[in-house]
Amino acid sequence: MKLFKKILIANRGEIAVRIIRACKELGIKTVAVHSTVDRSSLHVKIADESVCIGPAHSKHSYLNIPAILSAAEITDAEAIHPGYGFLSENNHFAEACATSNITFIGPSPDTIRIGGDKAKARQILKKKGIPVVPGSEGPLLTIEEAQKLSKKIGFPMIIKASAGGGGRGMRIIKEENELASAFTIAQREALAAFGNSELYIERYLPQIKHIEVQIIADNKGNIVHLGERDCSVQRRHQKLIEEAPSPFCTEAFRKKIGDLAIRAAKAMKYTNAGTIEFIVDADGNIYFMEVNTRVQVEHPITEEISGVDIIKEQIKIASGQNLSIKQNQVKLNGHAIECRINAEDPDKFTPSPGKITFFSPPGGPGIRVDTSAFTGYTVPPQYDSMIAKLIVRADTRQEAISKMKRALDEFFIEGIKTTIPFMKKVLQHPLFIKGNYYTNLIEQLSQSENSQSNNTNGNSP
Ligand code: MV4
């Protein structure tokens, strides 16, 4: 089956660059789209063609479906790669592509819709015997239903928005007397944030790891997983560091969570690349959390240990080709870590946009930098603050940590503040070094920093 002749990339930044690179290596022509403030961006420079699709505000450019479809039509692009964020998990966009006879590089609109309806996905997978955290059966509509459920599952509970995901619209309830008001507030917030007030409830698990499994599936029913990623190092639901394999994962555990991911994907008739997210408690119990129907920011760490180019697989699958690999051919080698480098103040995590006066990324064996930044580039204030992903690969976890420290030391970015100093601190943390950490690692880090500064203030003996 022939690959596409030309693909439009409906995204910006490092992921647009990543996708254009894959297209070039496959001999596919590329069309970049950009907003007015992005006209001098790297993705525009390296694409074969580019189209301005609107002003800076993403609502009028990177989320502007008619403008993007017109750009594809005037440039004769046969397919659109949505990257992550923006329109990547918008089932209406996937549908609109199909109507315009353009291939959307991703799962079917139906799969995207189910993935976006967290209560529905949970319900479907629970019925198929995939473990989910004890909680509601589908969406909960009334306070009375929530109260009845609380008798069964007990406190603490966590209220989540069906249309939320990634931690948005969540609320922890410690005891009965908080429930009624929390439910009402959460409903109102979900309606305002997502245009959908539907909620679901789970038992709140206090000490968890966030572990996700990369899957790829073709249009013929072949499906494989490429192992797990540990994304437990996060702050306010923003992932900061990801690693593969998970330091806590044994071969037996990998088989178990991988099989669950494949069963979950099959239950959703999954095609193309996707991620099944689980939470794992301190006893190693696995619970399905949500499914991400897009390529993820952290996909490179899986590429580094599996040797599979996930973007190229996505393109090949969308053009009708079979998976290039069977499960028994998947061999995971070594250890990979990714640090997300944001244009932010490393102490306050507030945005730090502006002109990069000097940009010199690290190099050498085992180092990969996915970025669209360069010396002289101005980071605009309108978009996500992530400006680079620093990825290292080594034979062992310990060597990967050493390599990451070395790489961070020689990553020079001047003119703006970045989170590089913060990353160095996390890599020194004894719990990170041991690989014995949960999603509360960053809170523990800032607590220990506060008590240290108290000591210097003379508040402790
Ligand atoms: C949970 C949880 C505990 N129990 N679900 C889901 C999305 C992810 N970004 C955060 N999620 C969580 N889901 C159950 N049943 C804990 C988290 C969680 C969290 C929750 C509230 C505040 C901060 C958090 C940090 C990491 C994980």
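# Exercises on a predicted model

Arg235 stands opposite Gln238 in β11. The model is predicted.

**Exercise 1.** Find how many bridges join β10 to β11, and state how the two strands run.

Solution.
- Step 1. Locate the strands: β10 covers residues 223-235 and β11 covers residues 238-244.
- Step 2. Take the pair Arg235 and Gln238, which stand opposite one another.
- Step 3. Count the bridges between β10 and β11: there are four, and the strands run antiparallel.

**Exercise 2.** Place β10 and β11 in their sheet, and explain why β13 and β17 each have one side without a neighbour.

Solution.
- Step 1. Write the strand order: β13-β12-β9-β10-β11-β14-β19-β17, an open sheet of eight strands with antiparallel pairing.
- Step 2. Look at the edges, where β13 (286-292) and β17 (367-371) stand; each has a single partner strand, so one side of each is left without a neighbour in the sheet.
- Step 3. Add the twist, which averages 25° from one strand to the next.

**Exercise 3.** Determine which strands helix α12 lies across.

Solution.
- Step 1. Find α12 at residues 397-409.
- Step 2. List the strands beneath the helix's path: α12 lies across β11, β14 (335-342), β17 and β19 (386-394).
- Step 3. Give the direction: α12 runs at about 140° to β19.

**Exercise 4.** Describe the packing of α1 against α11.

Solution.
- Step 1. Helices α1 (residues 13-25) and α11 (residues 310-318) pack at about 65°, their axes 9 Å apart.
- Step 2. Their crossing is right-handed.
- Step 3. Arg18, Ile19, Ala22, Cys23 and Glu25 of α1 meet Ile310, Ile311, Lys312 and Ile315 of α11.
- Step 4. Sorted by class, the contact has six nonpolar, three charged and no polar residues.

Key
Residues are numbered from 1 along each chain as its sequence is written. This is a predicted model: local features need pLDDT of at least 70, side-chain atom pairs count only at pLDDT 80 or more; totals for chains, interfaces and linings use all residues. Side-chain values use heavy atoms; hydrogens and water are left out. Two strands pair if DSSP finds at least two bridges between them. Axes are lines fitted to C-alpha atoms, for helices over the stretch in contact, and angles run from 0 to 180 degrees between N-to-C directions. Contact means heavy atoms within 4.5 Å. A crossing is left-handed if the near helix is turned anticlockwise from the far one by less than a right angle, and right-handed if clockwise. Ala, Val, Leu, Ile, Met, Phe, Trp, Tyr, Cys and Pro count as nonpolar, Asp, Glu, Lys and Arg as charged, and the others, Gly among them, as polar.
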